[in-house]
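Visitor: I'd like to poke at the labels people put on a model like this. Can you walk me through how a few of them are earned?

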Amino acid sequence: MMLGALLCCSSSYSGRAWWRRSTFPLRQCQQEQQQRCGISSSSSRWQWRNEKKSKSIEIETERRKRSPELVELEYANLNLKDSYGHAQVGHVRIRQHVNPLTSSFSEPTPPPDWNLIFQDCSRPLMVDIGCGSGRFLIWLAKNSFQSRNYLGLEIRQKLVQRSQLWVKDLALNNIHFMFANATISFGSLVSTYPGPLTVVSLLCPDPHFKKRHHKRRVLQKQLVDSISKNLCLGGHVFMQSDVLEVALDMRSQFNAVSDVFEHIDAVDSNFLCDPDGWLVHNPMGIRTEREIHAELEGAKVFRRMYEKRKHDVDIMIS
Ligand SMILES: C[S@@+](CC[C@H](N)C(=O)[O-])C[C@H]1O[C@@H](n2cnc3c(N)ncnc32)[C@H](O)[C@@H]1O
C-alpha cells in the first residue's frame, strides 16, 4: 500500500528536476496520502531522502573539519604558529581568489637584491609558482637534504606576509616568499638570480573552469617560454592538478616544447607512469595543502615531471 501511495505521488515527475521543482507539492501530496493511508511520517520516502541528504552533508562537514587537521599533521614538525590565522593575517581576511588580469597585477615585480635574501645565492634555486600558504615549500627548505634555495611566488599578498612571518620564526635563511603575478614576473625575477634554476613547481593551480576565464590561469605560453629559457640543463618542472582538464592543459603546453623538455620516465626509469602517462607517485616526499584536500575527497592527482634536455635556440635569441 505504501509503494502505491508513493507511486501515486511521484508518477508525474522524474529525476533531479522533479526533486527541485516539486518538494513542496510532493510534501503536500504525501501528507494527504499519509493521512488517507495511515502511513507514519517516519516511513515516508520524503523523510528518507531528507535523512540521506543531511547524512551526506554531515559527512561533507566532517571531511571539511578533518582536512585542516590532516594539513596540521602533514606539517607537524614545522611547529608553525597558528596565531597568524588560517583565513586572516592580523585582522585582515585573506581573499579566496584574485583576478590576475586586473591592472593592479599587470606590472612585473622588480627583482630583489638576492644577496640580502639568501645566505648563499650561488646555490641551486627551486621556485614554487602559486605557493599558497607556503607550508609545502617551508617544509622542503627545512627538511630537504638538498642544498638549495627556495622561492615561493604568490599573488595573494596576505599569504606571502604570513609565510614570511613563519620563515622568520623558523630562522630559515634558504627560503623567501614574494608577492608577484608569476605569469608576468617569473622571467624577470629568476633571470637575475646568480645561481642555477634547477626546479620549478606548479602545483594545483587555480582551475578557472569557464572557457572565457582560461586566460586567468597562471600557466600561459609566456610562462612556459620563461621556464624553458631560464631553467638550467637537466633542471626539472614538476606539475600537478586534481582537475584533469587543468592537468591536460599544462601537459599539452609542455609537450608542445618537446625539443626542450622530455618527460622524466623517458630519462629515468625510477619514475613510473600509469597507462595514461601520469606519474604514479608524488616525487617530492611531501604533499601540498590542495593535494591533501583532494586526496581526502578521493580525487586523483594528475602529475607530470619534465626534464630540460636542450636549450631552445629560438627562445634564447628572443
Ligand atoms: C589552488 S591554490 C594551490 C596552492 C598550493 N600550490 C597547493 O597546491 O596547495 C593556487 C594558488 O595559486 C595562486 N595564484 C593564482 N594565480 C597566480 C599568479 N598569476 N601568480 C602567482 N600566484 C597565483 C593563488 O593565489 C593560490 O594561492
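Guide: Let's take one strand and its partners, then the ligand shell. This is a predicted model, where local features need pLDDT of at least 70, side-chain atom pairs count only at pLDDT 80 or more, and totals for chains, interfaces and linings use all residues. Residues are numbered from 1 along each chain as its sequence is written.

Visitor: Why is strand 3 called largely enclosed?

Guide: A residue is buried if 20 or more other C-beta atoms, placed from the backbone, lie within 10 Å of its own (exposed: 12 or fewer; partly exposed: in between). In strand 3 (residues 125-129), 5 of the 5 residues pass that test, so the rest of the structure largely encloses it. L125, V127 and I129 point one way, M126 and D128 the other, and all are buried.

Visitor: What makes strand 3 and strand 4 a pair?

Guide: Strands are DSSP runs of E, at least two residues long, and helices are runs of H or I, at least four, both numbered from the N terminus. Two strands pair if DSSP finds at least two bridges between them. Strand 3 and strand 4 (residues 149-154) have 5 bridges and run parallel, with N149 as the bridge partner of L125.

Visitor: And which strand does D128 face?

Guide: D128 sits opposite S201 in strand 6. Strand 6 (residues 197-203) also pairs with strand 3 over 5 bridges, in the parallel sense.

Visitor: How many residues surround the ligand?

Guide: There are 20, with G130, G132, C204, T288 and R290 the closest; "near" means a C-beta atom, placed from the backbone, within 6 Å. Helix 11 gives the largest share, 3 residues.
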